[in-house]
Amino acid sequence: MQNLAKTVAASLGLPSFLIQMVLVVVVLILALFLLKGIDRLIDRMSARRPVLGEVQRVRTYHSLIVNVVRVVVWFFALSAILSIFGINTASLLTAAGIGGIAVALGAQRVVSDIISGALLLFDNTINVGDYVTLQNTITGEVKELRLRQVVVRGYTGMLYIIPNAEVKVIANYGHGPLQADISIDIPYGISIEQAKGLVQDMAVRLEAEAGDHFVRLPYWIGVDAMHPFSYTVTIGAQTQMDDFFTAPRRMREIMIEELQAIGAYDAPLVPERPEQPE
């Protein structure tokens, strides 16, 4: 590259340094165009995928591929720029290889994170867009899978960045139907058969207004607890992740409306004692 710069400078009668700077600008522009082109290509691939799981997979690989390509492109761009100024990149690579041994001894954690991230990708454990719980403490949507880190945005908007090597326990809500059970207290004045009928009525209402939000409509599970003035029943349902939080809320609303409609809450909580004869 240095000989090219000198040849062009001699033919145009310009200073060699000026031609070198022009070549540096050309290399930088080509690197930027290459990165933009790859980014657009991956975006087009993602847009052509009709299946949600495949879209998430492409988004996952998108962030990883862009990061790797960015490192490779800028490495070769830097090598080309050094060669323009006559710096021998081969000797630099040799020195980097020797120094790399010492660096690698102190970078085991980095290597562990990268290998763990590769395993997460290849095993299809999590993808960008999945709703997960990590380490039994961090819950949210996976926003990015990096070479060394998983980025999760929680329900409150908090951004969690976890090293890949520390991701030991993963609960992924996006792989199949989810059980969306609710528990509700029912006064003893309402018999169990009446309560079962209310659950059936609720299922009919939900099928009419939001049937496509359920994989399985609400159904009776059973009595789970007894209290002084009421008993607790559990009602089951199955949804996908998109409706996992909203569906149980709507189930509770309808169940309360059904109980109010039959006057379940009109009776006093404490039964009146009969008057004792004098």
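Visitor: What makes residues on the face of α6 turned away from its buried side count as exposed, and which are they?

Guide: Glu193, Gln200, Val204, Glu207 and Ala208 are the exposed residues there. Exposed means over 50% relative accessible area, buried under 20%, and partly exposed in between, with a 1.4 Å probe and protein chains only. The model is predicted, so local features need pLDDT of at least 70 and side-chain atom pairs 80 or more, while totals for chains, interfaces and linings use all residues. Residues are numbered from 1 along each chain as its sequence is written, and side-chain values use heavy atoms, leaving out hydrogens and water.

Visitor: How do you know that the buried residues of α6 line one face?

Guide: They are Ala195, Leu198, Val199, Met202, Ala203, Leu206 and Ala210. Seen down the axis of α6, these residues fall within an arc of 145°, so they line one face of the helix. The arc is that of the directions from the helix axis to the C-beta atoms. Their cover includes β7, β8, β9 and α7.

Visitor: What makes the length of α6 agree with that of a helix?

Guide: The expected span is 1.5 Å times one less than the number of residues. For the 19 residues of α6 (192-210) that gives 27 Å, and the end C-alpha atoms are 26 Å apart, so the two agree. Helices here are DSSP runs of H or I, at least four residues, and strands are runs of E, at least two, numbered from the N terminus.

Visitor: Why is Asn136 called exposed?

Guide: Its relative accessibility is 61%, so Asn136 counts as exposed. Asn136 sits in the loop between β1 (131-134) and β2 (138-145).

Visitor: What makes β1 and β2 a pair?

Guide: Two strands pair if DSSP finds at least two bridges between them. β1 and β2 are joined by 4 bridges and run antiparallel, with Thr133 opposite Thr139 in β2. They form a hairpin with 3 residues between the strands, and Gln135 in the turn has a positive phi of about 60°.

Visitor: How many bridges join β1 to β5?

Guide: There are 3, in the antiparallel sense, between β1 and β5 (170-172). Val132 stands opposite Asn172 in β5.

Visitor: How do you know which elements have the lowest and highest confidence?

Guide: By mean pLDDT, the predictor's confidence in each residue, from 0 to 100. Helix α4 (89-105) has the lowest mean, 57, and strand β8 (216-226) the highest, 95. The mean for the chain is 79, and 74% of its residues reach 70 or more.

Technical notes
Contact means heavy atoms within 4.5 Å.
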